[in-house]
Each structure stands twice: as structure tokens, then as C-alpha cells.
Amino acid sequence: MESKAIAEKYGCLVCHSADGFPTFGPTWKGLYGSRLTFNDGTTSVADDAYLAESIKSPMYKVVQGFAPFMPPQLPVSDEEIGAIIAYIESLR
């Protein structure tokens, strides 16, 4: 299954746009490699490790300015997580 199709399968693109405009969650365009600030004031780079962690435990680090709307945990396999991250990275 194509990376974008996996993101659609789990409903990711309902809340995360691919065109640069934030919706309920941060846009994925330009996200990969960017520095994020979270609601608790900490920061991180949106790299593979952060994105995988956010998919597995989406309420752990919520990006500043956004409410914690993500489902607590999706049944996403490691392979699917890798594909979603590759899709996000492609949206530079």
C-alpha cells in the first residue's frame, strides 16, 4: 500500500494537511526536520524517532497551539509507521 494511502486508512489526513495549512493538527508539509515546541514548553526536531513516538503515543508531546485531539493509540504496525513517516518526509 502506498504511503499516502496508509495515512488515509488511519484518518491522519482528516486532521493533518499536506498543503501547508494547519487544521486540527499541524500540517505535514515542511514538518519533517523542523523544530517543534510543545504545550509543556519543551522542543524537539520532527525526525523519524519523534514522528514514530507521536504516532505510537500521540498525547505524549502535543505541539504548541494545538489541542490534544489524537486518538490515544492507533493499531499501526511498525511498517505502516515507516510508510507514514516517509510520506511526511516527502512533503518538504
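This section describes helix α3, the aromatic pairs and the largest pocket of a predicted model.

Helix α3 spans residues 48-56. Its buried residues are Y50, L51, A52, S54 and I55. These buried residues pack against three elements, namely the strands β1 (35-37) and β2 (43-45) and the helix α4 (78-90). In general, an α-helix has 3.6 residues a turn, so residues three or four places apart point the same way.

Aromatic contacts were examined next. The count of aromatic pairs in the model comes to 3. One of them is formed by F24 and F69, whose rings are arranged edge-to-face, with 6.0 Å from centre to centre and 90° between the planes. F24 lies in the loop between α2 (12-15) and β1, whereas F69 lies in the loop between α3 and α4, so this pair ties together parts of the chain that are 45 residues apart in sequence. F24 has a relative accessibility of 52% and therefore counts as exposed, the threshold for that class being over 50%. F69 is likewise exposed, with a relative accessible area of 55%.

A further pair involves W28 and Y87. The ring centres of these two residues are 6.1 Å apart and their planes stand at 75°, so the pair is edge-to-face; an angle over 60 degrees places a pair in that class. Because W28 is located in the loop between α2 and β1 and Y87 in helix α4, the pair ties together parts that are 59 residues apart in sequence. Both W28 and Y87 are buried.

The largest pocket was then considered. The volume of this pocket is about 530 Å³. Its lining consists of 30 residues, of which H16, P26, S54, P58 and M70 are the closest to the centre. S54 is also one of the buried residues of α3. At least two lining residues are supplied by each of α2, α3 and α4, and the largest share, 4 residues, comes from α3. By residue class, the lining divides into 25 nonpolar, 4 polar and 1 charged.

The loop between α3 and α4 also contains S57. With a relative accessible area of 37%, S57 is partly exposed, a class that falls between the limits of 20% and 50%. The C-alpha atom of S57 is separated by 9.2 Å from that of M70, and the two residues are 13 positions apart along the chain. M70 is among the residues closest to the centre of the largest pocket.

Terms used:
Residues are numbered from 1 along each chain as its sequence is written. This is a predicted model: local features need pLDDT of at least 70, side-chain atom pairs count only at pLDDT 80 or more; totals for chains, interfaces and linings use all residues. Side-chain values use heavy atoms; hydrogens and water are left out. Buried means under 20% relative accessible area, exposed over 50%, partly exposed in between (1.4 Å probe, protein chains only). Contact means heavy atoms within 4.5 Å. Rings of Phe, Tyr and Trp (its six-membered ring) pair if their centres lie within 6.5 Å; planes under 30 degrees apart count as stacked, over 60 as edge-to-face and the rest as tilted. On a 1 Å grid over the protein atoms alone, a cavity is a set of points where a 1.4 Å probe fits but cannot get out, and a pocket is an open set with protein on both sides within 12 Å along at least five of seven lines; lining residues have an atom within 4 Å of a point. Grid points are joined across faces, edges and corners, and a volume is the space filled by probe spheres set on the points. Ala, Val, Leu, Ile, Met, Phe, Trp, Tyr, Cys and Pro count as nonpolar, Asp, Glu, Lys and Arg as charged, and the others, Gly among them, as polar.
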